[in-house]
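Please look through the sequence and the model below, and then follow one helix, the domains and a chain contact in turn.

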Amino acid sequence: MSSFALAWRNLVRQKRRSFLMIAVVTFGFAAFALAGGFIAQSFEGLREGTIKSVGDLQIVDRRAVGKAEEATLEYGLPDARRARALAGADPDVAAVLPRIDFVGLMTTGAKSVPFLGVGVDPGPEAAATLVPELIVSGKYLSGDGGDGVVLGTGLAAALNVKPGDRVTMMATTPDGSLNALDGIVTGLADVRIKELNDRYVAAGVGLVSRLLQSGDTVSKLVVFLKPGANEDRAAERLAKAMAAGGYPIVVRHWRELATFYEQVKLLYIGIFGFVGAVLVVIVILSAAIVMTMAVTERTREIGTLRAIGTRPSGIRTMFLAEGVVIALAGCVAGTVLALVVRAALNASGIMLPPPPGATHGMPINVKLYPLAYGAGILAMVLTMAIASYFPARRAARLPIVEALAHV
Amino acid sequence: MTAATGGPLVEARGLSRSYRLGESVVPAVRDVSLSIAPGEFVALRGPSGSGKTTLLNLLGLLDRPDEGTVRVEGRDGEALTEEERSDLRRDRFGFVFQTFNLIPVLSAEENVAYPMALAGASAARRQERARELLAAVGLSVKLAVRPDLLSGGQRQRVAIARALANAPSIVFADEPTANLDSHTAEEILDLMRRLNAERGVAFLFATHDALVVSRARRVVTLHDGAIASDAAS
């Protein structure tokens, strides 16, 4: 009879206690798996959202890295059409989007409000990003954008404008002079972050170039890769191709640009780590108490086993096996519980409150994340082994004669 | 008395063992020298507190003496590690306890097979041997029964079968009849006598039961932890 078989018999013998201990592991494991799935889902959503916003890669002038422009488009990419064609020739590139970042003042005559603007190529932008989905009134830019502008809902409210209204944009050109152009509001967007909603403007690169008098210069090229493309290798090829084309650029990965993503990820990992540590401590303490009780109750049995020739290591293994069997049984039950709770949560439509700075909550969504389940099993087995180790060691060290005389 | 043939099976020289009881030290065994030969059937008798169980534990390598040595088939028990002593008990000794001490989660057959599993015997060999031993103690029909469903006498028979599992040289029995009625005690003693005669395994009993003493071929009497007499009966 193996240590595990004997362990199982002993657990069945102590039904109530074993059930309680397995229940602790079950809930601990389920919490671990569900939290892991929720966090994985959040990371994935955040990652997708970030990439939809900033692209997989961005091509920018080398001087733009870590420096703020003193003049409009000071570090822009000139001859953007050629640059775009060069980047678009890469086999892994799905789309190359020009963007012009600019700031200015928007006015209706009665009121003026500062804005943060972005010049885009509306067709590819609509296809590759989430912006069109954020339109809450009117429509997104079409064609080359024409004179159309999309405003954040907060900015529109501040200016008291609606789709179809005319606005005037004022901005500083690269040579430092002030220029103004009229635009027509085509739609209002809720970009989900309140501060940005209050300042957001999008317009076609043609209109923005005329406003800034910047010719064919853009701030950056946003690159979207084909599904399954290797980001690093694509970045390397693009850097070489652009350098060969005479562009002094760098290719930046989305992670470098998405500091928010990394911060949120670190925050989640911290929370998950803390919750995990609390769970582990609870399981260790519960298991240590249960295993100590088992050793105390079975002291005479331990003495008998030692007397008839079980080595001290055999006694240790027996109690460690009990801990591991509890962990495995708890993980099996925990997996079932986690799957049931996950299905219930995902079907419930419960909305999570919006994160700080955001305007919308999101429905709770727990992903089936096998890594969390695997890590949970490993964590529970290790935890139970650690919790069982000291009672098991005590059992192995009991003097045989004292153990046999135990009442 | 020494072994009838060859050297002694178990040989104690100058054994002493004391226990601390609060502030005082109580000597349980004092300077005892004793030899058990192969195939002997020996009773260790004496009143309560005379040191019978302590001496049995020392001879069975369940405890270590404060002074003196125990040699088992020529090997110095005190020079062995705990693991080696465990292996020696498993392979050469059998134990029968007053309270039977069967493993409650194992059936009668599994209890008997357990020491063989420790020794690495195959499953087929364990099953064959366990069934043979349980048949020898008259429990062929109780193979799958757990200890809590057996009578006291049946439990002690299973314990005896377990003690014989690895074909030991000697069985140490501490008050094996104390928890049995007189009729069952007689049956158990008959069984042990028969096994002693048929299999040549030595038995050493710690007892104050006159019935056990009357069946022994040699009686060692302890008084205050020392041997008062050692005689064939």
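**A helix and its two sides**

In this predicted model, helix H3 of chain A (residues 80-88) has as its buried residues Ala80(A), Ala83(A), Arg84(A), Leu86(A) and Ala87(A), where buried means that 20 or more other C-beta atoms lie within 10 Å of a residue's own, exposed means 12 or fewer, and partly exposed is in between, with C-beta atoms placed from the backbone. These residues lie on the same side of H3(A) because they cover an arc of only 160° around the axis, the arc being that of the directions from the helix axis to the C-beta atoms. On the face turned away from that buried side, H3(A) carries the exposed residues Arg81(A) and Ala85(A). The cover over the buried residues of H3(A) includes strand E1 (57-61), strand E2 (93-107), strand E9 (220-225) and helix H8 (231-244) of chain A. Helices (H or I, at least four residues) and strands (E, at least two) are DSSP runs, numbered from the N terminus.

**Domains and the chain contact**

The domain assignment, which is automatic or from a database, divides chain A into domain 1 (3-50 + 261-404) and domain 2 (57-228), and the centres of these domains, taken over C-alpha atoms, are separated by 51 Å.

The contact takes 16 residues from chain A and 19 residues from chain B, two residues being in contact if their C-beta atoms, placed from the backbone, lie within 7 Å. On the side of chain A that touches chain B, helix H1 (3-13), helix H11 (299-307) and helix H14 (400-404) of chain A are the elements that give two or more residues, and H11(A) gives the most, with five residues.

**Conventions**

Residues are numbered from 1 along each chain as its sequence is written, while chains are lettered from A and ligands numbered from 1 in the order in which they are written. Because this is a predicted model, local features need pLDDT of at least 70 and side-chain atom pairs count only at pLDDT 80 or more, whereas totals for chains, interfaces and linings use all residues.
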